[in-house]
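Work through the exercises below with the structure in view. Each task is followed by a solution in steps.

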Amino acid sequence: MMEQTKVPPTSKPLSMKLFSTWEGERTAPHCIPRTCTFKLQSLKLTKPLDLESSNLTICASMSVGNFRRSLRTDEINPNSQGIAELDYCFSFQYPHYLKREENVLKLSLQRRKRYKNRTILGYKTVAIGLIDLSQYTA
């Protein structure tokens, strides 16, 4: 019988760079093309999740006018304390409107939808956070 060797888990965080572009040919005069870049280095869950939803994804989405982009990470497995070390870099090119209140970045923690212990198409949002980008200057 063959012996199985166990590889010790590494403490190196998951690394991923996600990027979204925008072609701004037909834009309004009060629209400025901008780039939003942010980095996530760790995830800490304050409430314990059930065993089924331990595989989570982070989705960063922006919807400004007719511009819609979503960036979703691979599945994340937090440890028993609810902490996951990450190295994710998100970058959006988006139309920043000066006269509207639409410059909102939505960060959501999601898991796969399930029906009768089977994974089905789509995601269920577990937590959500909104960031108003009109408060930040270039």
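The rings of Phe38, Tyr88 and Phe90 are linked into a cluster by ring pairs. The model is predicted, and the values in the solutions are computed from it.

**Exercise 1. Describe the ring pairs of the cluster and classify each one.**

Step 1. A pair of aromatic rings is described by the distance of the centres and the angle of the planes. The count of aromatic pairs comes to two.

Step 2. For Phe38 and Phe90, the centres are 5.0 Å apart and the planes differ by 15°. Planes under 30 degrees apart count as stacked, so Phe38 and Phe90 form a stacked pair.

Step 3. Locate these two residues in the chain. Phe38 belongs to strand 2 (residues 31–44) and Phe90 to strand 5 (residues 83–97). With their positions 52 residues apart in sequence, the pair links distant parts of the chain.

Step 4. For Tyr88 and Phe90, the ring centres lie 6.5 Å apart and the planes stand at 85°, so this pair is edge-to-face.

**Exercise 2. Decide whether each residue of the cluster is buried or exposed.**

Step 1. The cut-off needed is that buried means under 20% relative accessible area.

Step 2. Phe38 has a relative accessible area of 16%, so Phe38 is buried.

Step 3. Tyr88, at 1%, is buried as well. Phe90 has a value of 0% and is likewise buried.

Step 4. For the whole protein chain, 32% of the 138 residues count as buried.

**Exercise 3. Find the residues and elements that build the largest nonpolar core.**

Step 1. In soluble globular proteins, nonpolar side chains tend to be buried together.

Step 2. Here the largest nonpolar core has 26 residues, and those touching the most other members are Ile58, Met62, Tyr88 and Phe90.

Step 3. Two or more residues come from each of strand 1 (14–20), strand 2, strand 3 (56–64), strand 4, strand 5 and strand 6. Strand 5 contributes the most, with seven residues.

**Exercise 4. Work out the order of the open four-stranded sheet and identify its edges.**

Step 1. Begin with the elements: the protein chain has seven strands and zero helices.

Step 2. Four of the strands make an open sheet in the order 4-3-6-7, and their pairing is antiparallel.

Step 3. Strand 4 (67–72) and strand 7 (118–132) each have a single partner strand, so they are the edges, and one side of each has no neighbour in the sheet. From one strand to the next, the twist averages 25°.

**Exercise 5. Follow the pairing of strand 6 with strand 7.**

Step 1. Strand 6 (residues 104–115) pairs with strand 7 in the antiparallel sense, over eleven bridges.

Step 2. Read off two bridge partners in strand 7: Ala127 is the partner of Leu109, and Tyr123 is the partner of Arg112.

Step 3. Look at the turn. Two residues lie between the strands of this hairpin, where Lys116 takes a positive phi near 50°.

Step 4. Return to Tyr123. The charged end of Arg72 sits over the ring of Tyr123, at 3.9 Å from the ring centre.

**Exercise 6. What share of the contacts joins residues at least 24 apart?**

Step 1. Take the contacts in the protein chain between residues at least 6 apart in sequence.

Step 2. Of these contacts, 68% join residues at least 24 apart.

Definitions and conventions: Residues numbered from 1 in each chain as written. Predicted model: local features only at pLDDT ≥ 70, side-chain atom pairs only at ≥ 80, totals over all residues. Heavy atoms only, no water. Pairing = 2+ DSSP bridges. Axes fitted to C-alpha atoms, helices over the stretch in contact; angles between N-to-C directions. Phe/Tyr/Trp six-rings, centres within 6.5 Å; stacked < 30°, edge-to-face > 60°. Buried < 20%, exposed > 50% of the residue type's maximum accessible area, 1.4 Å probe, protein only. Lys NZ or Arg CZ within 6 Å of the ring centre and 35° of its normal. Core = buried A, V, L, I, M, F, W, Y, C linked by side-chain atoms within 4.5 Å. Contact = heavy atoms within 4.5 Å.
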